[in-house]
Amino acid sequence: MAQKVLVTGGGGYIGSHCVVELIEAGFCPVVIDNFSNAVREGDIPESLRRIEKILDTRIEFHELDMLDRPGLEKLFKQHSFSAVMHFAGLKAVGESVEQPLRYYRVNLTATMNLLEVMQTHGVHNLVFSSSATVYGDPQRLPIDEQHPVGGCTNPYGKTKYFIEEMIMDQCKAEKGWNAVLLRYFNPIGAHSSGLIGEDPQGIPNNLLPYVAQVAVGRRKHLNVFGNDYNTIDGTGVRDYIHVVDLAKGHISALKKLNENCGCKVYNLGTGTGYSVLQIVKAMEKASGKEILYQIAPRRGGDVASCYADPCLAEKELAWKLTLTWRECVRTCGVGSLKTPPDSPITA
């Protein structure tokens, strides 16, 4: 019988892609979501409905807010989970600067509920979807797992850091606990079917869906927040990883738990950073359309550059990137790249 894995926030962008990979790897995901980051059509997130179509299967889903402790207790009584993948939470950097108390209440309380219910029901294996924001303003690049953490520049990053600390402390206190903390950078792209991906219905918080919406005419222009950073062209530099590679990294982390690994930390990134304007120009080549942008003031909580050293994940998780920049652009909904498949992004 397939191992049951609870996926919190499994209706969202990253969680839904991980649900696909879980099923294809032979696991049985049970998904909970409160629809805060998921598009809803009826009583199930639209992303899960499409996954059922892609894989010709049924997915068990429960509409549940993790602030609902009794609801979590009831779910754990109904199932025997082998592990939990934790994605649920508020996730926008700029919004967290404007609404810090909301971010602390939702992200931290939800995770406390989850960890306590896991402990009560003897579920001691966890993959936590963390973030490179825990590194704060980088002291060196690329960032490896030994880089100092905790100097976060925004409340969202602080919640990820605090959650990591809670999990690490629990693993130290209870030797039977195993956790893998995945610090990933900027996910982009979509499943090859084109049926699931990142298509925010409101104003996008992330660069690629915003650029795609400008390219197809849904928005007039892109706001570029700051052009006076110490980078190649003054705009922010980030590490853009295909969401399917990111999802595969979570499956590798899940398998790592079988080694009774204790608490492990890994970066999931490409090892290369690109600026906002480099991304814009690459998308213009991909779509054949001009992408209008205007320079706006810097956004609170942002850093100049942030990209990963992924060597440890490659070594210990046997995880490697499988998708090129071509696939990243092609699955953002703006057409086929006109340059060779592995061409670098150029300014």
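Rings of Phe, Tyr and Trp, the last taken by its six-membered ring, are counted as a pair if their centres lie within 6.5 Å. In the predicted model described here, ring pairs of this kind link Y104, Y161 and F162 into a cluster. A search of the whole structure finds four aromatic pairs. In one of them, F35 and F61 meet edge-to-face, with 5.7 Å from centre to centre and 65° between the planes. Because F35 lies in the loop between β2 and β3 (40-41) whereas F61 belongs to strand β5, this pair ties together parts that are 26 residues apart in sequence. Both rings belong to buried residues, F35 having a relative accessibility of 13% and F61 one of 15%, where the limit for burial is under 20%.

Within the cluster, the rings of Y104 and F162 have centres 6.4 Å apart and planes at 35°, so the pair is classed as tilted. Y104 is part of helix α5 (residues 100-120) and F162 is part of helix α6 (residues 155-173), so that parts 58 residues apart in sequence are tied together by this pair. Y104, at 24% relative accessibility, counts as partly exposed, and F162, at 35%, is likewise assigned to the partly exposed class.

Confidence in the model was considered next. The pLDDT averages 90 over the protein, and 89% of the residues score at least 70. Over residues 334-347, however, the pLDDT is below 50, although this stretch has 34 contacts in the model beyond near neighbours in sequence. Where pLDDT is low, the predicted coordinates should not be read in detail.

Seven strands form an open sheet with parallel pairing, in the order β5-β2-β1-β6-β7-β8-β13. Strands β5 (60-63) and β13 (263-268) occupy the edges, and because each has a single partner strand, one side of each is left without a neighbour in the sheet. From one strand to the next, the twist averages 15°. Within this sheet, β1 (residues 4-8) and β2 (residues 28-33) are paired in the parallel sense over five bridges, with T8 standing opposite I32 in β2. Helix α8 (residues 243-256) lies across β1, β6 (83-86), β7 (125-129), β8 (178-184) and β13, and runs at about 160° to β8.

A further open sheet is built from three strands in the order β14-β11-β16, with mixed pairing. Here β14 (274-275) and β16 (305-306) stand at the edges with a single partner strand each, so one side of each lacks a neighbour in the sheet. The pairing of β11 (residues 237-238) with β14 is antiparallel and extends over two bridges; R238 stands opposite Y274 in β14.

The largest nonpolar core comprises 39 residues, of which I14, L22, M85, L182, L254 and L268 touch the most other members. At least two residues of this core are supplied by each of β1, α1 (13-24), α2 (46-55), β6, β8, α8 and β13, and the largest share, seven residues, comes from α8. Leaving aside residues up to four places away in sequence, L182 touches a set of residues that includes V127, F128, G249, H250, A253, Y266, L268 and L317. A second, separate core of 26 residues includes M66, L114, V123 and I167.

Conventions
Residues are numbered from 1 along each chain as its sequence is written. This is a predicted model: local features need pLDDT of at least 70, side-chain atom pairs count only at pLDDT 80 or more; totals for chains, interfaces and linings use all residues. Side-chain values use heavy atoms; hydrogens and water are left out. Two strands pair if DSSP finds at least two bridges between them. Helices (H or I, at least four residues) and strands (E, at least two) are DSSP runs, numbered from the N terminus. Axes are lines fitted to C-alpha atoms, for helices over the stretch in contact, and angles run from 0 to 180 degrees between N-to-C directions. Contact means heavy atoms within 4.5 Å. pLDDT is the predictor's confidence in each residue, from 0 to 100. A nonpolar core is a set of buried Ala, Val, Leu, Ile, Met, Phe, Trp, Tyr and Cys residues joined through side-chain atoms within 4.5 Å. Buried means under 20% relative accessible area, exposed over 50%, partly exposed in between (1.4 Å probe, protein chains only). Rings of Phe, Tyr and Trp (its six-membered ring) pair if their centres lie within 6.5 Å; planes under 30 degrees apart count as stacked, over 60 as edge-to-face and the rest as tilted.
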